[in-house]
Amino acid sequence: MDPFKPLFRALAALGLLALLAACDPSGKALLDLRLAQLTPNASTEADVRKLYGEPDSVRDLPGGAKGLVYPLGPEGAVTLLVRMDGAGRYQGADNLLTPENFSLVHPGMSGFEVRRLLGRPGTVQQLPMQRQVVWSWRYLDQPNNRMFVVTLDPSGMVLSAATEDDPRLQGGR
């Protein structure tokens, strides 16, 4: 066993606790510390873009509002949907990578719908022999990271969706 593995896990847990200790004005834990710099109904889209850069995607939300999608990290456990009202004012942020959203993914759903629901996958794997593509998202399921995995057919339709243990916990990739 790697003697540094427990140390790295402890440091990761401490970092996660520090992140969870940060709260917004309503007392809700922040998904990302940069959110503390944004004020609902006052901060603008320009403020959000200054902190996060260009969003991975932009989507229309009800009532003329829009959502800016920011996957955090190259395989981060959070994909933010930053909500802006019709006047371009910050309204809050939500994590798209939740068990509730995963439960909405089903066979026959289009890949476009899945990406709209969850944001860009953390990894994409081509399986040419099976003529399939596998999308996966790493997410935090206390106390560990897990994987949500979606398999698509050649036409981009969902064949299956499943939650799995993160293979990195067993020394995999």
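1. In this predicted model, arginine 89 has a relative accessibility of 34% and therefore counts as partly exposed. Its salt-bridge partner is aspartate 85, with the closest N and O atoms 2.9 Å apart. Aspartate 85 is buried, its relative accessible area being 16%, and this assignment follows because buried means under 20%.

2. The salt bridge between arginine 120 and aspartate 56 has its closest N and O atoms 2.9 Å apart. This pair links distant parts of the chain, since the two residues are 64 residues apart, with arginine 120 placed in the loop between α4 (111-118) and β5 (123-127) and aspartate 56 in the loop between α2 (45-52) and β1 (57-60). As to solvent accessibility, arginine 120 is partly exposed at a relative accessible area of 33%, and aspartate 56 is likewise partly exposed, at 28% relative accessibility.

3. A further salt bridge joins the side chains of arginine 146 and aspartate 141, with an N to O distance of 3.5 Å. Arginine 146 has a relative accessible area of 23% and is partly exposed, while aspartate 141, at 30% relative accessibility, also counts as partly exposed. Elsewhere, Glu45, Arg49, Glu54 and Lys66 are joined into one network by salt bridges that share partners.

4. For the structure as a whole, a search finds 10 salt bridges. Among them are the pair of arginine 89 and aspartate 85, the pair of arginine 120 and aspartate 56, and the pair of arginine 146 and aspartate 141.

Note on methods:
Residues numbered from 1 in each chain as written. Predicted model: local features only at pLDDT ≥ 70, side-chain atom pairs only at ≥ 80, totals over all residues. Heavy atoms only, no water. Salt bridge = Lys/Arg side-chain N within 4 Å of Asp/Glu carboxyl O. Helix = DSSP H or I, 4+ residues; strand = E, 2+ residues; numbered from the N terminus. Buried < 20%, exposed > 50% of the residue type's maximum accessible area, 1.4 Å probe, protein only.
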